[in-house]
Amino acid sequence: MEININNRPVQVAEGTTVLEACRSAGIDVPSLCYLKDVSHNASCGVCVVEVKGAKSLLRSCITQVTEGMEISTNSPRAMLARKVNVELLLANHPQDCLICDRNGSCELQELSHALGIKDRRFVRTRKGQLKKDETSLSLVRDPEKCILCGRCVAVCSQMQGVKAIDFSGRGLKSKISTFLDSGLGHVACSNCGQCALVCPTGAITERNSVSEVWSALQDPGKIVLVQTAPAVRVGIGEAMGMPYGSLVTGQMVAGLRRLGFSKVFDTNFAADLTIIEEGNELLHRIKTGGELPMITSCSPGWIKFVEDFYPDLLRHLSTCKSPQQMFGAVAKTYYAEKTGVDPRNIVVVSIMPCTAKKYEAKRPEMDGAFHYWKEKLKLKDEEHFFDVDFSLTTRELARMFSEAGINFSGLPEERFDSPLGESTGAAAIFGATGGVMEAALRTAYELYTGKTLYDVNFTSVRGFQGIKEADVNLNGTVIKVAVAHTLKNAGILLEQIKNGTSPYVFIEVMACPGGCIGGGGQPIPTNAETREKRAASIYYEDDHKVIRKSHENPEIITIYADFFKKPLGEKSHHLLHTHYREREY
Amino acid sequence: METQTNAPVSGEILDKIIEKHRGKPGMLLTTLEEAQEKNPLKYLPGETLAEISKKLKVPYAQVYSVATFYSFFNLKPQGKHSIVVCRGTACHTKGSKALLDDIEKILGIKYTGDDAESSYTTPDNLFTIRTVSCFGQCAQSPVVAIDNVIYSNMNSRKLLKILSNYTLSL
């Protein structure tokens, strides 16, 4: 149909909202509470437009176009209303932009600037200070900075189905709360961090560990190892001012060296290791009549979700630790042994696209290396150490680069260190939804059939469809597999298992939309466009790797020959596998 | 006969309440309402909210959202008697702030939260004082409700007399 925006005729499809119509016509209507596909609360009043014939201004995010509609996005009335609405939001918003985590990436700040707001006309109406929620190991909430747009509530309930937070109170006392205001750390929160990604202000951020990492780097007695997750190399460039989805593996390695890390290793190595263990676990379960479908366990937000909401189905989870944790355990045992370094002096730092990894690293059972050495080194309990000491998000790494004044895009490309730095194309794709499944199938096929897999591309499990399924032919034996991303989609597959109607043998789940590339620790903005570009880079990396099957990684072959001896063996059991538990609140 | 204890509403008593409302529109509201009514201290403790959440399969955060939205629901124990002072415009111009101050003096407490949403309970749990924005009885302002009985054209002398009856009979 034809409508008219700012005196220009525009063709749009029926059912389009005025906001999307304007944007597709290249006319920017600012918005705050609206987030495409996620939230349309129509609470902020920033996207108001004037429509000929309508008595009042209309919120373009929830108004559908009608034939011949005459819209003005920048009439004096619309512009004034928009400005006043933002000014009202600013009344109760703190004025600490200079020291805010979101300084420079805050939508409210940007909007205030764009709309030409020069002073604060409206006085603060809220009494007292709202307390920060620092109960979570992954996220920090500062309700003072909250403008009640409701995006976090929408993403938590509608995209993730977790429903950890909601509005509480009324009027001036409205705020976003957990149950009884007990804090995110005390309720069924998956720590996925999608709320932090969609928050337009600094009201939800990751728990920052940058200063602890700087201290470790400055400690001459410590050997600080760093590992980088598959999705970081396609995200960190964006945070350093490069185009969306820039693949910057080499620069990232060079940058990390310049920050002072003793060795720059790769979580992708551990991803290959995961595939060996998980692939063998799957075949073992199939052969011995074990619990099926087996579900992947790389995504810590997903693990917490099952523990919180589906404890009866925990036995379906692979017992494999996530690559982050496998790396930590291997670094403080195998690598320590190989290099003769005291594991107590090793600090393992992970760079993850994820906020849930922070929680995972501090799970009490994630101390396999400590128990490995306890007898041998006669360690006392107070010398306890975790396998992974600090887990930083992609955003925190960007902060370290900027604090250190590193000119990221000008860095040369460098290679990961050995022996925990080599990886395959199979590991690269861990970062995208369907990637773990594809990587596992490449290895499982060869393990199961004993034949060489010539076409390694399982394209049916790629892409952004919420739930993907495929029939995989293992030389005559057809197995049904499924891939889900976002916890809501994962919940659908869990309900099938609960009802006994699940037709699958193997399921991959990633908590975040698009997989880790859309993780809660990734640069802001993370949206459909950035996710797509990051995924494209991930598959490009896979495509250009010489070795694309995890079991052909030479460093993996060496670690089994020298250390683990065999998959699912005694050492693997202690260092690479874990257990889960029901959580009560 | 239901036995009077200070135990929060839970278990079978709560099951009965829920069964009565299950499937009906607004079942969360009506369940919360009755659970509060059956509580000897007329409030909804956290454990009751949690149990209602589990039994109705309504997320915790949503139950809390509803319970905090309506001023009818109390999340703190309520005093034996309730005093509600109207702080609407009409009552305000007829001196309702002074009545609030009188109540403070009579009961020997300091009521700090004079905005339409807060309440205060005396340490001995005898009185809960609350303000509301309007009773809709503006023609007879100022208005004070004590134990759900509305007293109109209130003044300090009347207030003292009524409250004395309560404090003396204790």
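Helices (H or I, at least four residues) and strands (E, at least two) are DSSP runs, numbered from the N terminus. The model is predicted: local features need pLDDT of at least 70, side-chain atom pairs count only at pLDDT 80 or more, and totals for chains, interfaces and linings use all residues. Residues are numbered from 1 along each chain as its sequence is written, while chains are lettered from A and ligands numbered from 1 in the order in which they are written.

**Exercise 1.** Find the cis peptide bond that ends at A:Pro419, and place this proline in chain A.

*Solution.* Step one: the bond starts at A:Ser418 and has omega near 15°. Step two: A:Pro419 sits in the loop between helix H14 (394-403) and helix H15 (425-428) of chain A.

**Exercise 2.** Do the same for the cis bond between B:Ser141 and B:Pro142.

*Solution.* Step one: omega is about -5°. Step two: B:Pro142 lies in the loop between strand E3 (127-132) and strand E4 (144-146) of chain B. For background, most peptide bonds are trans.

**Exercise 3.** Decide whether A:Lys163 is buried or exposed.

*Solution.* Start with the rule: a residue is buried if 20 or more other C-beta atoms lie within 10 Å of its own, exposed if 12 or fewer, and partly exposed in between; C-beta atoms are placed from the backbone. Now count: A:Lys163 has 20 other C-beta atoms within 10 Å, so this residue is buried. Its phi is positive, near 60°.

**Exercise 4.** Classify B:Asp147 as buried or exposed, then locate this residue.

*Solution.* The count is 11 other C-beta atoms within 10 Å, so B:Asp147 is exposed. B:Asp147 is in the loop between E4 and strand E5 (149-151) of chain B.
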